[in-house]
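Visitor: Got a minute to walk me through this one? I'd like to start with the ligand.

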Amino acid sequence: MAAHPLLDDLRTALGDAAVLTDPDLLAMHARDEADLCAAGTPLVVVRPRDTAEVVAVVRAAGRHGVPVVPQGARTGLAGAANAVDGALVLSTVAMDRILEVDPVSRIAVAQPGVVNATLGGAVREHGLWYPPDPGSWESSTIGGNVATNAGGMCCVKYGVTTEYVLGLEVVLASGEVLRTGRRTAKGVAGYDLTRLFVGSEGTLGVITEVTVALRPAPEESLTLVAVFPTTAAAGTAVANIAERGLTPSLLELLDRTHLRAIEAYRPMGLRTEAQALLLAAVDTGSRAADDLARLAEVCTAAGADEVYAATDAAEATALLQARRLAHPAMERFAADAFPGRNGGLVIDDVAVPRGALAALLDGVARIAEECAVPIGVVGHAGDGNMHPNIVVDRADPASLERGRRAFDEIMRLGLDLGGTCTGEHGVGLLKRDWLAREIGPVGVRVHQAIRAALDPAGLFNPGKVC
Ligand SMILES: Cc1cc2nc3c(=O)[nH]c(=O)nc-3n(C[C@H](O)[C@H](O)[C@H](O)COP(=O)(O)OP(=O)(O)OC[C@H]3O[C@@H](n4cnc5c(N)ncnc54)[C@H](O)[C@@H]3O)c2cc1C
């Protein structure tokens with residue numbers, strides 16, 4: 001079969017090494033980490049190194065009418081980075097330079113393929129801190145974090161990615177280069193186009209440069225563990241912590257399924273008979289010990305049957321590590337649940353007002369029973385943002401169907417409680433229907449109008465978001 005004429009244009013613009021058509025590589029770039037989402041086989045994967053090359057790629061794809069799917073590290077959990085058949089996958093892995101760290105303006109400028117942890121390390125050398133810390137921080141990219149508006153554990157106090165994005169450079173479908181935002185501490189010129197692109201999941205343009213705000217490194221933190229006899233009691237404690245005006249720098253929940261999965265994966269003496277554990281930290285300097293005591297008081301009043309502070313930094317790090325192991329431990333748990341078959345996780349993401357957290361947790365337990373699927377719950381409790389992890393046997397259509405039903409019921413419950421269908425993982429392919437229900441027909445039309453204005457031919461990331 002004759003090679004697609006786009007490939008010649010790409011090789012001329014980028015050189016052979018940046019234009020990849022090896023079938024194994026194409027298969028590798030077909031999808032992100034989400035389950036339950038369709039993925040096609042791309043025609044080609046390209047790895048541009050700078051903005052000029054991205055412009056050349058977008059212009060060539062536009063000329064040949066080939067859709068463009070931007071990809072960072074493909075750690076996404078909504079199918080937003082999945083290829084469609086015949087697409088051009090634009091991978092940002094070779095755009096991995098930190099262009100500037102300015103300690104006076106407290107900003108950093110980076111290409112989109114810089115890994116979150118790499119940026120964190122680079123700014124730390126200047127005594128500065130880039131707070132957004134998704135669980136995938138060691139692999140996910142700044143471009144992907146911006147395109148999904150990623151959250152993380154410290155976001156309960158310090159806010160999510162959008163709070164830190166000051167400006168962007170974006171290649172539009174026309175091939176023009178748009179610069180949004182500013183480098184200054186303040187600035188209100190024009191519409192806030194930066195925020196329009198944050199969370200746009202590759203549907204409005206290719207982000208080629210990101211300017212982020214930095215903070216001074218945080219104070220040392222103190223850590224507390226509270227063990228609860230029910231998940232709902234842990235949810236009540238979270239609401240009461242907020243009501244008392246306390247500002248933990250971390251407030252995470254692990255349910256019994258996760259405690260058991262983590263203990264089986266890496267034994268560390270977790271209380272596996274508990275129904276839920278809250279992990280909290282405070283970084284309020286000279287007030288930290290008092291604040292920790294107030295957190296402990298609230299947890300006890302909400303029904304915690306054990307509350308203890310980490311004795312030293314090593315214990316605090318081990319507890320945080322336990323939380324970070326939730327994902328691989330649950331993957332193992334799911335595999336072990338169906339020996340010799342294909343056990344896996346449907347990772348959900350739902351956020352409700354903090355006051356509704358207890359009702360969400362009770363509701364998820366009920367849904368697990370009704371749908372006859374194991375569901376473990378973990379997440380950023382302080383933000384009301386939970387990840388119900390639904391355990392399925394991918395080789396069994398009936399099990400998948402039960403998992404799908406549980407997923408839909410959780411989405412319905414989240415919206416009924418005044419929440420949103422995604423707190424941080426995004427819409428992608430997985431939640432298109434739920435986004436439409438959440439924002440209604442007018443909201444969908446406005447989304448589509450913005451998209452059509454910027455990308456009339458529908459070049460970028462077809463089928464995603466709306
Ligand atoms: C173990 C694990 C833990 C996780 N923990 C968290 C968490 O705590 N919080 C959280 O929010 N997420 C979490 N995630 C989800 C995921 O890591 C985030 O969504 C992350 O921001 C995706 O970054 P990425 O580089 O992998 O992007 P990808 O998955 O490659 O892409 C994600 C989206 O961004 C678009 N995109 C990527 N780069 C660009 C660009 N330069 N221009 C335009 N669009 C672009 C893609 O088209 C796609 O729509 C986790 C995932 C895993 C596997």
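Visitor: So which element gives the largest share of the shell around the ligand?
Guide: Helix 5, with 5 residues. Helices here are DSSP runs of H or I with at least four residues, strands are E runs of at least two, and both are numbered from the N terminus. Keep in mind that this is a predicted model: local features need pLDDT of at least 70, side-chain atom pairs count only at pLDDT 80 or more, and totals for chains, interfaces and linings use all residues. Residues are numbered from 1 along each chain as its sequence is written, and side-chain values use heavy atoms, with hydrogens and water left out.

Visitor: How many residues surround the ligand?
Guide: 34, counting a residue if one of its heavy atoms lies within 4 Å. The closest are P70, G72, T75, S136 and T141.

Visitor: What does T75 do there, in distance terms?
Guide: A polar side-chain atom of T75 sits 2.6 Å from a ligand oxygen atom. For R74, a backbone N or O atom is 2.8 Å from an oxygen atom of the ligand. I207 has a polar backbone atom 2.9 Å from a ligand nitrogen atom.

Visitor: Which elements give two or more residues to that shell?
Guide: Strand 3 (68-71), helix 5 (142-148) and strand 10 (206-213).

Visitor: Changing topic: where does I450 lie?
Guide: In helix 15. I450 counts as partly exposed because its relative accessibility is 30%, and that class runs between buried, under 20%, and exposed, over 50% (1.4 Å probe, protein chains only).

How values were computed: Polar contact = N/O pair within 3.5 Å; in protein donor to acceptor, adjacent residues only side chain to side chain.
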